[in-house]
Amino acid sequence: MKKNYKDSWIKALFAVIFIFGIGATYLIFSNEPNNETEQPTVGKLEIIGPASESVDQENILDSLNNLKLAYDVAIFEKTALSEELELEKKNIENLMEIIKASKNPSGEQIKIYRKQLSDLKVTLDTKVAEIKKLKSQNKNLLNEIESQNVVMYKQKAENDTLISKQKKLESTLKDASKLSLGNFKVAAFNERSSGKEQETTKAKNTNKLKISFSVNGNSVAKTGKRVYYIQVLDQRNTVMGENKLIEFGNDKALVYSFLVAVDYQGKMANVYGVLNDDLAKFKKGTYFVNFFDKQEIMGSSSITLE
């Protein structure tokens, strides 16, 4: 029995030792690094450092290029700000050149570039707002000018109408104030030594031509002295008598034989004039007499001497 008790104790001791051995072994292997769990994940690699800053550099350049195009659109408006916009566009181009020349920009440089980009955007927004304001002001100004033009056009039309009426009235008054002439006559006379005159149709007996006409009454016409020009033409269409030239200042002139004057007082008046043989030698033929009020012919008559 003692032998059996001894064997049981030995078996129990071995069992405890076995259990402690297994536990120690587990603790040793559990502290070794796990190769599978410690490996980094390759599929989710995050780019930091120079590569990220290069992307930022490209983005800033793209934004600057778009900003440059926006300035081109604003410049195309051709406003008073065009010169200022050109300068801002030049600043953008200079900044782009600086960024392109920077091969490996630092984070601090990227911040500076972004700040400059932001400032340029703010400047553009301000200029665009000013352009809109200028366009609105120009539109209002154009509307005001157009309204003024309409008023001026109407005023001009009214003035033209008034001027036309005035000219028409002046022309009417001028025509109304004109003196008309009539009863144009010419006769040949022989004046004897006694002073007695006798009308004749013989050229050899004629030593003077008497002309006469009447000035009709016109209450609208001005009163005062009036001068009329008499032109006597012989058979050769030569002006007889004084044969004087008078110019009227409007590129018109007249050669006359003599002139007659009348003191017009608003009533009908008879006017007479004489061409003596000391100024003209009368020969056979027809003589034509024209009556002028300045350069305007008022009437004519003729006489034939045998």
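Guide: A salt bridge is counted here when a side-chain nitrogen of Lys or Arg lies within 4 Å of a carboxyl oxygen of Asp or Glu. The model under discussion is a predicted one, and the structure holds 10 such salt bridges.

Visitor: What makes the contact of Glu 191 and Lys 208 a salt bridge?

Guide: The N to O distance between the side chains of Glu 191 and Lys 208 is 2.6 Å. The cut-off is 4 Å, so the pair qualifies. Glu 191 belongs to strand E1 (residues 181-191) and Lys 208 to strand E3 (residues 208-215); the two are 17 residues apart, and the pair links distant parts of the chain.

Visitor: Why is Lys 208 called buried?

Guide: Buried requires a relative accessible area under 20%. Lys 208 has 8% and therefore counts as buried. Its partner Glu 191, at 34%, lies between the limits of 20% and 50% and is therefore partly exposed.

Visitor: What makes the pair of Lys 208 and Glu 197 a salt bridge as well?

Guide: The side chains of Lys 208 and Glu 197 meet at 2.9 Å, N to O, which satisfies the 4 Å limit. Glu 197 is in strand E2 (residues 197-200) and Lys 208 in strand E3, so this salt bridge ties together parts that are 11 residues apart in sequence. Glu 197 has a relative accessible area of 30% and is partly exposed.

Visitor: Which residues are linked in a network of salt bridges?

Guide: The network links Glu 191, Glu 197, Lys 208 and Lys 210. Within it, Lys 208 pairs with Glu 191 and with Glu 197.

Visitor: How do you know that the salt bridge of Asp 56 and Arg 114 links distant parts of the chain?

Guide: Asp 56 is in helix H3 (residues 50-76) and Arg 114 in helix H5, 58 residues apart. The closest N and O atoms of this pair are 3.1 Å apart, which is within the 4 Å cut-off.

Visitor: Are Asp 56 and Arg 114 buried or exposed?

Guide: Asp 56 has a relative accessible area of 18%, which is under 20%, and it is therefore buried. Arg 114 has 44%, which lies between the two limits, so Arg 114 is partly exposed.

Visitor: What makes the surface patch of Leu 141, Leu 142 and Ile 145 nonpolar?

Guide: Leu and Ile are both counted as nonpolar, and the patch made by Leu 141, Leu 142 and Ile 145 covers about 270 Å². A patch residue needs over 30% relative accessible area. Leu 142, which has its place in helix H5, meets that condition with 56% and also passes the 50% limit, so it counts as exposed.

Visitor: What is notable about the phi of Asn 183?

Guide: Most residues other than glycine have a negative phi. Asn 183 has a positive phi of about 55° although it is not a glycine. Asn 183 is found in strand E1 and, at 51% relative accessibility against a limit of 50%, counts as exposed. Asn 237 also is not a glycine and has a positive phi, of about 65°. Its place is in the loop between E4 and strand E5 (244-247); at 56% relative accessibility, Asn 237 counts as exposed.

Visitor: Why is Leu 233 called buried?

Guide: Leu 233, in strand E4, has a relative accessible area of 11%, which is under the 20% limit, so it is buried. Leu 233 and Ser 302 are 69 residues apart in sequence, while their C-alpha atoms are 9.4 Å apart in space.

Visitor: What lines the largest pocket?

Guide: The lining has 12 residues, and those nearest the centre are Lys 174, Lys 178, Arg 226, Asp 293 and Lys 294. Helix H5 (107-177) and strand E4 (224-233) each give two or more residues to it, with E4 providing the largest share, four residues. By class, the lining has six charged, four nonpolar and two polar residues. This pocket holds about 440 Å³ of space.

Visitor: How do the residues lining the second largest pocket divide?

Guide: They divide into five charged, three nonpolar and two polar residues. The second largest pocket has about 190 Å³ of space. Its lining has 10 residues, and Asp 234, Gln 235, Arg 236, Lys 281 and Lys 283 are the closest to its centre. Of these five, Gln 235 falls in the polar class, because Gln is not listed as nonpolar or charged.

Definitions and conventions:
Residues numbered from 1 in each chain as written. Predicted model: local features only at pLDDT ≥ 70, side-chain atom pairs only at ≥ 80, totals over all residues. Heavy atoms only, no water. 1 Å grid on protein atoms, 1.4 Å probe; cavity = no way out; pocket = protein on both sides within 12 Å on 5 of 7 lines; lining within 4 Å. Points joined across faces, edges and corners; volume = space filled by probe spheres on them. Patch = residues over 30% accessible without salt bridge, like charges linked within 9 Å, V, L, I, M, F, W, Y side chains within 5 Å. Areas by Shrake-Rupley, 256 points an atom, 1.4 Å probe, with all protein chains shown as cover. Buried < 20%, exposed > 50% of the residue type's maximum accessible area, 1.4 Å probe, protein only.
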